[in-house]
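Trainee: I am new to this one. Can we go through the terms and what they rest on?
Mentor: Yes. Have a look first.

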Amino acid sequence: MLIVVLLLILILVILLVTNVRVVPQATVFVTERLGAYNGTWETGVHVKLPFVDRIARKVSLKEQVMDFPPQPVITKDNVTIQIDTIVFYQITDAKLYTYGVEHPLLAIEALTATTLRNIIGDMELDHTLTSRDVINSKITATLDSATDKWGIKVNRVELKNIMPPAEIQDAMEKQMKAERERREAILRAEGEKRSQILVAEGEKESAILRADAVREQKIREAQGEAEAVMLVQQALADSIKLLNEAAPSQPVLTIKAYEALEKVADGKSTKIILPTEIASMASLVTAIKEVGATPSPDEKR
């Protein structure tokens, strides 16, 4: 009898231990009772009824990532490209996730592929290659709306890679090479143009400086000549003023006129016409010189 009691106690302990569950953080357990949904266990310790309750699914509430293999997609200009996508999603309702769709991940993959084909089908290849953000936004909005009834929140979708056919890639590389060469030629031409402009501007400034220097030199020479003429005229005016203040007699004026004529002749004129007064004065001066001259020994004899 004691053995039976001990055996029953052992069975009860085993049942108790095996039916106690600890739910970890960021995880929920979906439980069923007699095949029907019973509840969702949050983080903590829970006990289920033996042979009545069962854990239908353990669901992680963390954000998860799915990397889908490349999908063949045809663009609007009939180019077949391979696109592989990455989906970032999070389960928000464990009950809908468990009972909403049979294979949630497979459903998301199929929905992503069909949505991608619909979007890319309305875009040309060049637009597809340069519109990743637009494509990502459209796919994210479509998937998020479609997966709400599955208890899934699609946070974002990223195009991991877009792979055109080999011949298209080769043509694109040649186009890019030609574009780089064109830009290089433009930059070289702009550099040469700028260099010529700088040289021309330098020559222009140099010519202006030379012209300014010549003009300044001529101005200074003219100013010097003008000052010299002014000084001469001033000296002449002063001499005339002094002569007028001295009140010279007629013979003195005649002699001064004669001196002026000598300077005018200066050995460069061959004929000089003298006024009568000056000619008479000149004869008189000559006579005085002859009278005052000392006679030579021959003349004394």
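Trainee: Which residue takes a positive phi in the hairpin of β2 and β3?
Mentor: L34 does, with phi near 60°. Two residues lie between the strands of that hairpin. Before going on, note that this is a predicted model, where local features need pLDDT of at least 70, side-chain atom pairs count only at pLDDT 80 or more, and totals for chains, interfaces and linings use all residues. Residues are numbered from 1 along each chain as its sequence is written, and side-chain values use heavy atoms, with hydrogens and water left out.

Trainee: Why is L34 called exposed?
Mentor: Exposed means over 50% relative accessible area, buried under 20%, and partly exposed in between (1.4 Å probe, protein chains only). L34 has 70%, so it is exposed.

Trainee: What makes V13 partly exposed?
Mentor: Its relative accessible area is 44%, so V13 counts as partly exposed. V13 sits in helix α1, residues 2-18. Helices (H or I, at least four residues) and strands (E, at least two) are DSSP runs, numbered from the N terminus.

Trainee: How many helices and strands does the protein chain have?
Mentor: Nine helices and nine strands.

Trainee: How do you know that the span of helix α3 agrees with what is expected?
Mentor: The expected span is 1.5 Å times one less than the number of residues. Helix α3 (residues 104-120) has 17 residues and should span 24 Å; its end C-alpha atoms are 24 Å apart, so the two agree. Buried residues in α3 include A107, L111 and I119.

Trainee: What makes strand β2 mostly covered?
Mentor: Six of its seven residues, 27-33, are buried. Across the whole protein chain of 301 residues, 22% count as buried.

Trainee: Why do we say that two strands pair?
Mentor: They pair if DSSP finds at least two bridges between them. β2 and β5 (residues 53-60) have seven bridges, in the antiparallel sense. T31 has I55 in β5 as its bridge partner. β2 and β3 (residues 36-41) have five bridges, also antiparallel. There, F29 stands opposite W41 in β3.

Trainee: Where is A26, and what is its phi?
Mentor: A26 is in the loop between β1 (20-23) and β2. Its phi is positive, about 60°, although A26 is not a glycine.

Trainee: What share of the contacts joins residues 24 or more positions apart?
Mentor: In the protein chain, 62% of the contacts with a separation of 6 or more. Contact means heavy atoms within 4.5 Å.
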